[in-house]
Amino acid sequence: MRNISKALVASLALAAAAPAAAQYTFTEPGQAPQPMLQMSSGWNNVARVNVGVGFYNSGWATCYYGWYYGTCTAGSYTGYIPFLVGPQVDLNLGGMNNISVGFTVGLGSVTQTWTSGSGQICPGGTVPGGGVCSASANVTLWEPTLDYVAKFGPPSQDTVGRFRIGGGMYIGPNSTLGGAFRIGGGASFLSASRLGVGLDLVLEGGGYNGQWVGGLQLIASPEFKF
């Protein structure tokens, strides 16, 4: 009975000492054991190339009192579906907090459609009695962005979610300016590896060239951790 008690005590002592012993490496006889480095990728910053598509629209109504004795008879709708590409870097501030700096280029065609009042001049000429006018043009839109990004999960985890909130500046043809508030979410896959893949959905709302504009970005990105 005494031998069984001794064996039980020895087993408990070994179990308690195992986690502490695991922190040290094996060394040559006579040398003090050295602490092991904790398992961590150490890659807290991320560089990526965003590639995707955007869906932007802007609409407004105009009332011309010269038509139909005060009836508002003119309205406009503008659509823009650009291909998006650009670099972005997430700089870790500690823990889940990150600052994300990026630059996106939008390449696409802007299409504007509007209804006109009596005798309104459209690109194709005057529309007697009013009608529907439309016009389109290829536009390149430059957008530097600055976001706060919260990441959920340690870098060693394979999938890490993220939430972003920030702003962007629009720079269009002839140095036409605008800006937007940004909010969105996404995730990094293969996050424990140096190379991974990210997916994001970002909503934007603001103004451009004196008119309100709203947009949605769907983005996929190869990622490099450093």
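Strand E8 (159-171), strand E9 (177-189) and strand E10 (195-208) each contribute at least two residues to a nonpolar patch, and this patch, which covers about 930 Å² of the surface, is made by Phe-55, Ile-81, Met-96, Phe-152, Phe-163, Ile-165, Phe-181, Ile-183, Leu-201, Leu-203 and Leu-218. The model described here is predicted. One of the patch residues, Phe-55, is found in strand E1, and with a relative accessibility of 35% Phe-55 counts as partly exposed.

The wider setting of the patch is a protein with one helix and eleven strands, which along the sequence follow the pattern α-β-β-β-β-β-β-β-β-β-β-β. Of its 226 residues, 31% count as buried, while the accessible surface of the protein comes to about 13200 Å², with 68% of that area belonging to carbon and sulfur atoms. Among the contacts with a separation of 6 or more, 58% are accounted for by residues 24 or more positions apart.

The aromatic rings add a further layer to this picture, since a pair of aromatic rings is described by the distance of the centres and the angle of the planes. The structure holds four aromatic pairs. In one of them, Tyr-56 and Tyr-80 lie 6.1 Å apart, centre to centre, with 35° between the planes, and the pair is tilted. Because Tyr-56 lies in strand E1 (residues 46-62) and Tyr-80 in strand E2 (residues 74-80), this pair ties together parts that are 24 residues apart in sequence. Tyr-56 is buried, at a relative accessible area of 7%, and Tyr-80 likewise counts as buried, at 7% relative accessibility.

Another pair is formed by Phe-103 and Trp-142, whose ring centres are 5.9 Å apart and whose planes stand at 45°, so that this pair too is tilted. Phe-103 belongs to strand E4 (residues 97-116) and Trp-142 to strand E7 (residues 131-152), so the pair ties together parts that are 39 residues apart in sequence. Here Phe-103 is partly exposed, and Trp-142 is also partly exposed.

The accessibility of the residues in these two pairs can be set out as follows.

| Residue | Relative accessible area | Class |
|---|---|---|
| Tyr-56 | 7% | buried |
| Tyr-80 | 7% | buried |
| Phe-103 | 34% | partly exposed |
| Trp-142 | 39% | partly exposed |

Beyond the single pairs, ring pairs link Tyr-56 and Tyr-80 with Tyr-170 and Tyr-208 into a cluster.

Conventions: Residues are numbered from 1 along each chain as its sequence is written. This is a predicted model: local features need pLDDT of at least 70, side-chain atom pairs count only at pLDDT 80 or more; totals for chains, interfaces and linings use all residues. Side-chain values use heavy atoms; hydrogens and water are left out. Rings of Phe, Tyr and Trp (its six-membered ring) pair if their centres lie within 6.5 Å; planes under 30 degrees apart count as stacked, over 60 as edge-to-face and the rest as tilted. Helices (H or I, at least four residues) and strands (E, at least two) are DSSP runs, numbered from the N terminus. Buried means under 20% relative accessible area, exposed over 50%, partly exposed in between (1.4 Å probe, protein chains only). Patches are made of residues with over 30% relative accessible area and no salt bridge: like charges are joined within 9 Å, nonpolar side chains (Val, Leu, Ile, Met, Phe, Trp, Tyr) within 5 Å. Accessible areas come from the Shrake-Rupley method with a 1.4 Å probe; for residues, only the protein chains shown count as cover. A salt bridge is a side-chain nitrogen of Lys or Arg within 4 Å of a carboxyl oxygen of Asp or Glu. Contact means heavy atoms within 4.5 Å.
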